[in-house]
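Biologist: I'm new to reading protein models, and I'd like to learn how to go from a picture to a description. Could you walk me through this one?

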Amino acid sequence: MSVPALLAQRQGSFLVKGRSLVAGRSGCPLRAPRQPRVKVLAVQIDRRSALDAQWRRQQEAEERRAQLANQLLKGDMMEVRDADEFDALCEHANNSLVVMFMYRPSCGSCKDAALRFEQLREEANRTQARVAFVRHNVETDYGDTSDLSRIHSVRAVPAFLFFDGGAMVRRLSLRDIRRLTGPKPFVEAALAEDVRKLKSTFREVLLSRAPSARS
């Protein structure tokens, strides 16, 4: 071994293609630690995306509230997705009676009840009664139970909830047509009885609990 190589080895250096690299304890060249700039930038991007998403949700909520207020003035059937939309609707309804139909898309009885509910709305519009008719799906997009159904302890559908001044004053649940057994006249009579019960409950609540809703 040449004299320069011995001197370099004793001084803790290695000569590699004319460059001198200082050796550390592990025998690898020492390098200064890099700053985590990429991670900090990623956090800033995620925060901005979250703020943008929150702003879009607020814009959509305001547009939905404006749409519900417009439908309320027209007397249309309205669909509320959560408790916030329903609370906003009750504020716009003022002294009007609010009737909410809770359903599930996979419920066979709910489909027949939805037709009865629409007929009840048309009848109320003909008499110019101050009533808001609302539909609500008790299942979320992820298959969970909605917040409105949990708040009002709705465990079975179809169900009809009557609200006066934002407070629930009456509740009505109809029978499941899939569980009705017997001759066809018996089933038809049971369904007709449910329809009569819905109409009588609606008239009773309209007259006794919300006299200002009468025309």
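**Reading a strand, a sheet and a helix**

Modeller: Let's begin with strand S6, which is mostly covered: 5 of its 6 residues are buried. Keep in mind that this is a predicted model.

Biologist: Which strands pair with S6, and in what sense?

Modeller: To read pairing, look for the bridges that join one strand to another. S4 and S6 are antiparallel, with 6 bridges between them. S6 and S7 also run antiparallel, again joined by 6 bridges. You can pick out single partners too: Val98 is bridged to Phe163 in S6, Phe162 to Arg170 in S7, and Leu161 stands opposite Arg171 in S7.

Biologist: How should I think about the side chains along a strand?

Modeller: In a regular strand, side chains alternate between the two faces of the sheet.

Biologist: What links S6 to S7, and how many residues lie between them?

Modeller: The two strands form a hairpin with 2 residues between them. In the turn, Gly165 has a positive phi of about 65 degrees.

Biologist: What is the order of the strands in the sheet?

Modeller: The open sheet has 5 strands in the order S3-S5-S4-S6-S7, and its pairing is mixed. Its edge strands are S3 (78-79) and S7, each of which pairs on one side only.

Biologist: Now a loop residue, please. Is His152 buried or exposed?

Modeller: His152 is found in the loop between helix H5 (147-151) and S6. Its relative accessibility is 14%, and buried means under 20%, so His152 counts as buried. Setting aside neighbours within four places in sequence, His152 is in contact with Leu161, Phe163, Met168 and Arg171.

Biologist: How do I read a helix?

Modeller: An α-helix has 3.6 residues a turn, so residues three or four places apart point the same way. For the case here, take helix H6 (residues 184-208), which has 25 residues. From its first C-alpha to its last, H6 reaches 36 Å, close to the 36 Å expected at 1.5 Å a residue.

Biologist: Which residues of H6 are buried, and what do they pack against?

Modeller: The buried ones are Val187, Ala190, Asp194, Val195, Leu198, Thr201, Phe202, Val205 and Leu206. The buried residues of H6 pack against strands S4 (97-103), S5 (131-137), S6 (159-164) and S7 (167-173), and against helix H4 (108-126).

Biologist: How many cavities does a search of the whole structure find?

Modeller: A search for cavities of 30 Å³ or more finds 1. About 90 Å³ of space lies in the largest cavity. Its lining has 11 residues, and those nearest the centre are Asp112, Ala113, Leu174, Leu191 and Asp194. H4 and H6 are the elements that give two or more residues to this lining, and H4 gives the most, with 4 residues.

Biologist: One last feature: how many disulfides are there?

Modeller: The test is a pair of cysteine sulfur atoms within 2.5 Å. By this rule the count is 0 disulfides.

Biologist: And are Cys90 and Cys107 buried or exposed?

Modeller: Cys90, at 15% relative accessibility, counts as buried. Cys107 is buried as well, with a relative accessible area of 4%.

Note on methods
Residues are numbered from 1 along each chain as its sequence is written. This is a predicted model: local features need pLDDT of at least 70, side-chain atom pairs count only at pLDDT 80 or more; totals for chains, interfaces and linings use all residues. Side-chain values use heavy atoms; hydrogens and water are left out. Buried means under 20% relative accessible area, exposed over 50%, partly exposed in between (1.4 Å probe, protein chains only). The expected span of a helix is 1.5 Å times one less than its number of residues. Contact means heavy atoms within 4.5 Å. Two strands pair if DSSP finds at least two bridges between them. On a 1 Å grid over the protein atoms alone, a cavity is a set of points where a 1.4 Å probe fits but cannot get out, and a pocket is an open set with protein on both sides within 12 Å along at least five of seven lines; lining residues have an atom within 4 Å of a point. Grid points are joined across faces, edges and corners, and a volume is the space filled by probe spheres set on the points.
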